Number of protein chains: 2
Amino acid sequence: MSNEGDTQISELEREIIDFFVNAATAFGIPKSVGEVYGIFFTSEEPLALDDVTQKLQISKGSASQGIRFLKSINALNSVYLTGDRRDHYTAETKLRDITDGFIKERIRPQLQSSSERLKILKNTKKSKHLTSQLNTLESWTKKGKLVLPFVSKFLGSNEPQKII
Amino acid sequence: MSNEGDTQISELEREIIDFFVNAATAFGIPKSVGEVYGIFFTSEEPLALDDVTQKLQISKGSASQGIRFLKSINALNSVYLTGDRRDHYTAETKLRDITDGFIKERIRPQLQSSSERLKILKNTKKSKHLTSQLNTLESWTKKGKLVLPFVSKFLGSNEPQKII
DNA sequence: CAGAGTGTTCAAGAAATAATGAACAATTTG
DNA sequence: CAAATTGTTCATTATTTCTTGAACACTCTG
């Protein structure tokens, strides 16, 4: 029966949420997911599902799915509040944790399946030119896989980086 | 009046094109753009607009827009063929060139506008918590900007990389 | 154990995005 | 300079993707 959740969000909060909506869209993630992360990010207190629906005025379904996705990439942390059986979360704000989750759940599987498909294609009869192009693609996926840990490490550090 | 363009594409070529359709989708780029790059990538000879429409069976509009986008990120190279006034292109296959084009045309502008919007928000009156969150966001965009040249260099090299 | 509280699922509708193709502008050719 | 060739634009249509909300399952609580 909680009812402090329907607090209006401020203009600044809305701006910050929009920041995440933009970012989400850029990463091919639904707008509503960006909003959900945004509301957690702006909130000092842990929020539950219906706080999200009330503050953002989105459906329970969207909020539920948004939270699930954000949990899957470690962008939300569970918080247990005594005397309230709703699940509460706070935004994870360590960029590296979120990046790692995103890489692990979204990028790696995609790269992996691409490189597996390529492997199969290498066994087919083909022209010189296509052989060469397949080798090019193979090197691309390899580089893709190799760059990920470096991006992760880079985003996790607080110091300037150098490439040697 | 050229008419060698209506050659059927092979099963393997279709697979390679699908590879790019997948990749394009993952980057939030329309399927048709992936197809267009794919047909150039598989072709040994330079192709013109109507070769693309015939081989892929897509509309002239899609092909034209796909080519324009691909040129804008340096994924296609112009080739001038004497005795044919149509524009011809080949696929650029240096990963770094394409990556750089994509970063310059798509990613940097997005990051830039985000960080400008953030700068404005920093001047508004706000709570301790939101001040702190805005600082977090600022550090994220900074790291984003810094990581790009690193990714570019990494993808351009043929040697293993280390971070120091 | 009936009723209330909480979260999930997924079919249907709404919204956003992409593809088409006809009209057009620009250029070249005979 | 008329006709043909080439490529672009953009309103319309088609497709894909997202959001909604009602039905459901599960868990608590009195």
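User: Before we turn to the DNA, what counts as a polar contact here?

Analyst: The model is a predicted one, and its contacts are judged by distance between atoms. A polar contact is a pair of N or O atoms within 3.5 Å.

User: How far is a phosphate oxygen of DNA strand D from an N or O atom in the side chain of A:Ser32?

Analyst: A:Ser32 is among the residues that come nearest to DNA strand D, a group that also includes B:Lys60, B:Ser64, B:Arg68 and B:Asp87. Polar contacts are cut off at 3.5 Å. The side chain of A:Ser32 places an N or O atom from a phosphate oxygen of DNA strand D at a distance of 2.6 Å.

User: Which residue has a polar side-chain atom 2.8 Å from a base nitrogen of DNA strand D?

Analyst: Of the atoms of DNA strand D within 4 Å of the protein, 63% belong to sugar or phosphate, and the rest belong to bases. On the phosphate side, a polar backbone atom of B:Asp87 lies 2.5 Å from a phosphate oxygen of this strand. On the base side, the residue with a polar side-chain atom 2.8 Å from a base nitrogen is B:Gln65.

User: Which element gives the largest share of the surface near DNA strand D?

Analyst: A phosphate oxygen of DNA strand D is contacted at 2.6 Å by the side chain of A:Ser32. Two or more residues of the surface near this strand come from helix 2 (31-42) and helix 4 of chain A, and likewise from helix 4 of chain B. By class, that surface has four nonpolar, seven polar and seven charged residues. Its largest share, five residues, is given by helix 4 of chain B.

User: Turning to DNA strand C, what percentage of its atoms within 4 Å of the protein do sugar and phosphate account for?

Analyst: DNA strand C is surrounded by 18 residues, the closest being A:Lys60, A:Ser64, A:Arg68, A:Asp87 and B:Ser32. Among the atoms of DNA strand C that come within 4 Å of the protein, the part that sugar and phosphate account for is 65%.

User: Which residue has a polar side-chain atom 2.8 Å from a base nitrogen of DNA strand C?

Analyst: Several kinds of contact can be told apart on DNA strand C. A backbone N or O atom of B:Ser59 lies 3.0 Å from a phosphate oxygen, while an N or O atom in the side chain of A:Arg85 is 3.4 Å from a sugar or linking oxygen. The base nitrogen, by contrast, lies 2.8 Å from a polar side-chain atom of A:Lys60.

User: Which element gives the most to the surface near DNA strand C?

Analyst: The residues of this surface divide into four nonpolar, seven polar and seven charged. With five residues, the element that gives the most is helix 4 of chain A.

User: Where is the kink in helix 5 of chain B centred?

Analyst: Helix 5 of chain B holds 27 residues (95-121), which at 1.5 Å a residue should span 39 Å, and its end C-alpha atoms are 37 Å apart, so the two values agree. Within this helix there is nevertheless a kink of about 40°. One of the buried residues of the helix stands at that position, and the kink is centred on B:Ile103.

User: Which helices of chain A are included in what covers the buried residues of helix 5 of chain B?

Analyst: The buried residues of helix 5 of chain B include B:Leu95, B:Phe102, B:Leu111 and B:Leu118. Their cover includes, from chain B itself, helix 2 (31-42) and helix 6 (128-156). From chain A, it includes helix 1 (11-26) and helix 6 (128-156).

User: At which residue does helix 6 of chain B bend, and which proline follows?

Analyst: The 29 residues of helix 6 of chain B should span 42 Å at 1.5 Å a residue, and the end C-alpha atoms are 43 Å apart, which agrees. The helix bends by about 25°. The bend is at B:Val147, and the proline that follows within four residues is B:Pro149.

User: Is B:Ser43 buried or exposed?

Analyst: B:Ser43 sits in the loop between helix 2 and strand 1 (47-48) of chain B, where a polar atom of its side chain lies 2.6 Å from the backbone oxygen of B:Glu45. Its relative accessibility is 15%, and the limit for this class is under 20%. B:Ser43 therefore counts as buried.

Methods: Residues numbered from 1 in each chain as written. Chains lettered and ligands numbered in written order. Predicted model: local features only at pLDDT ≥ 70, side-chain atom pairs only at ≥ 80, totals over all residues. Heavy atoms only, no water. Expected span 1.5 Å × (residues − 1). Bend = angle between axes of the 7 residues up to and from the residue. Buried < 20%, exposed > 50% of the residue type's maximum accessible area, 1.4 Å probe, protein only. Contact = heavy atoms within 4.5 Å. Near = heavy atom within 4 Å. Polar contact = N/O pair within 3.5 Å; in protein donor to acceptor, adjacent residues only side chain to side chain. Nonpolar A, V, L, I, M, F, W, Y, C, P; charged D, E, K, R; others polar.
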